[in-house]
There are 2 protein chains.
Amino acid sequence: LTTAIIVAAGAGKRFGNQVPKQFLPVGGKPMLYYSLRAFDRCSDVDGLVVVVPPGREEYVDKELVRRYNIASVRQIVAGGNERQDSVEAGLEVVPSHTTLIAIHDGARPLVTIGTIQAVLSAADKHGAAVPGVSPKDTTKRVLDGKVAETLDRSSLVCIQTPQAFHYDIIRRAYKKAYAEGFVATDDAALVERLGYTVHVVQGDPRNVKVTTADDLAFVELLLAEGDVNCE
Amino acid sequence: LTTAIIVAAGAGKRFGNQVPKQFLPVGGKPMLYYSLRAFDRCSDVDGLVVVVPPGREEYVDKELVRRYNIASVRQIVAGGNERQDSVEAGLEVVPSHTTLIAIHDGARPLVTIGTIQAVLSAADKHGAAVPGVSPKDTTKRVLDGKVAETLDRSSLVCIQTPQAFHYDIIRRAYKKAYAEGFVATDDAALVERLGYTVHVVQGDPRNVKVTTADDLAFVELLLAEGDVNCE
């Protein structure tokens, strides 16, 4: 059984808005809708768990899941203070018999079904997989405002979501992280700490994380062009 | 004397277009126009050298420099095979008495006068400066399709242009690179090889390098909002 956890629990304070960014309208619908739809339509995914800000469960159930008939949603649960706590809240309620888990940021509305399939397929085979794209700019390591090192761009990847894992691996990775007080915003980093190899599959430059108003405008633009999730 | 070299010599083959991308229309004008205008309007810049694809000198002179009255352009020269060769072609024709050089990619049309000033000021003081922004995604080092290392995001910066240098430093850096057969697409990397410290100033997330049709659409969107270069 394959379960996707859609993480949409951020308070969105950085965005300077009262409404958390994952619920801001884009293309006429709340941003979170597009991620839910992509995973709902992906035949490799059996069910969805949606993690939302505490108190928003009913809103998401009524205004997203029921309104747009996202049939594969199994649970809507409240998230925690940090992203890691929200993923953990999702992991705790995944249906039994789940063997493969995908974890996706609700703030990446342009994820394609193709990317979901590619990541799930690689994780099924190897245990852990993430999508990545080459950085557009030269990347340097900086210390005290001065360049410490120019990194070899050809060996770098910018990591996106969904990230996918065997259920037992991601559970153990989370257990270890909590036991040791390790906090990260990247799920694969927890799995790497466990000593597992994480495979990287080709991501999609359009699968951006919306963090600014410019990002939202970019997503609006692409949605106006067509059904981006299904390309 | 401060001279800016605007590098716009790419053949633009990756863009899948007959017209090099720096001449594609955006906001009703060739993309290169916006960089030329930003540097022309920046009071800290005394003159511009524009490096263009061989055979395009007259087109740029007539359709950009004269048409839009970019008064501070001193030279239009043909570039070489690699970006590094094009910058070198520009360095060879900068006006005498130039003490400070800014090098800018013509494919970054949204550069602001504020960024140009900040980079020039830091380079004047320290010898070498570049603008950088924090990466949006987790960045990992990858080997053979597997994660080798998750990098500490807080110490990484994505480097943009303009980059600015004392004239004698960038000249020596280029001389050393050619003597040793070292090729890079990042000018600061050549200066780092010389043993100089490169300072990083705050860049602007909007100062993207246009490499895809999506990037061009994003720039078009922002230009429609107003005079982005002068914010």
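**Exercise 1. A hairpin in chain B**

In what sense, and over how many bridges, do S8(B) and S9(B) pair? Work through the turn as well.

*Solution.* The model above is predicted, so let's read it as such.

- Step 1: Find the partners. S8(B) and strand S9 (residues 146–150) of chain B run in the antiparallel sense, with four bridges between them.
- Step 2: Pick out facing residues. Leu143(B) is opposite Lys146(B) of S9(B).
- Step 3: Look at the turn. Two residues separate the strands of this hairpin, and Asp144(B) has a positive phi near 50°.
- Step 4: Set this against the general rule. Most residues other than glycine have a negative phi.

**Exercise 2. From one chain to the other**

Find the strand of chain A that pairs with S8(B), and name a residue pair that stands opposite.

*Solution.*

- Step 1: Follow S8(B), residues 139–143, to the other chain. S10(A) pairs with S8(B) in the antiparallel sense, over three bridges.
- Step 2: Name a pair. Cys158(A) faces Thr139(B) of S8(B).
- Step 3: Put this together with the first exercise. S8(B) pairs with S9(B) and also with S10(A).

**Exercise 3. Taking stock of the interface**

Describe the contact between chain A and chain B by its residues, area and polar links.

*Solution.*

- Step 1: Count residues. Chain A brings 37 residues to the contact, and chain B brings 37 residues.
- Step 2: Take the area. About 3200 Å² is buried between the two chains, and carbon and sulfur atoms give 54% of that.
- Step 3: List the polar links. There are 10 salt bridges across the interface. One to look up in the structure is Arg206(B) with Asp214(A), at 2.6 Å from N to O. Polar contact joins 26 residue pairs across the interface, both residues at pLDDT 80 or more.
- Step 4: Locate the elements. On the side of chain A that touches chain B, those giving two or more residues are strands S8, S9, S10 and S12 and helices H6 and H7 of chain A. H7(A) gives the most, with six residues.
- Step 5: Sort by class. That side of chain A has 15 nonpolar, nine polar and 13 charged residues.

**Exercise 4. The symmetry of the pair**

Work out how chain A is related to chain B, and whether the copies meet through the same surface.

*Solution.*

- Step 1: Superpose the copies. A turn of 180° with a shift of 0.0 Å along the axis lays chain A on chain B, with an RMSD of 0.0 Å.
- Step 2: Name the relation. This is the relation of a two-fold axis.
- Step 3: Compare the surfaces. The copies meet through the same surface, because 100% of the interface residues of chain A are also interface residues in chain B.
- Step 4: Find the axis. Phe218(A) comes closest to it among the residues of chain A, with its C-alpha at 3.1 Å.

**Exercise 5. Backbone exceptions**

Identify a cis peptide bond in each chain and a further positive phi in chain B.

*Solution.*

- Step 1: Recall the general rule. Most peptide bonds are trans.
- Step 2: Check chain A. The bond from Thr161(A) to Pro162(A) is cis, with omega near 10°, and Pro162(A) lies in the loop between S10 and S11 of chain A.
- Step 3: Check chain B. The bond from Thr161(B) to Pro162(B) is cis, with omega near 10°, and Pro162(B) is in the loop between S10 and S11 of chain B.
- Step 4: Turn to phi. His97(B) has a positive phi near 75°, and its place is the loop between helix H3 and strand S6 of chain B.

Notes: Residues numbered from 1 in each chain as written. Chains lettered and ligands numbered in written order. Predicted model: local features only at pLDDT ≥ 70, side-chain atom pairs only at ≥ 80, totals over all residues. Heavy atoms only, no water. Contact = heavy atoms within 4.5 Å. Buried area = accessible area lost by both parts, 1.4 Å probe. Salt bridge = Lys/Arg side-chain N within 4 Å of Asp/Glu carboxyl O. Polar contact = N/O pair within 3.5 Å; in protein donor to acceptor, adjacent residues only side chain to side chain. Nonpolar A, V, L, I, M, F, W, Y, C, P; charged D, E, K, R; others polar. Pairing = 2+ DSSP bridges. Least-squares fit on C-alpha atoms with pLDDT ≥ 70 in both.
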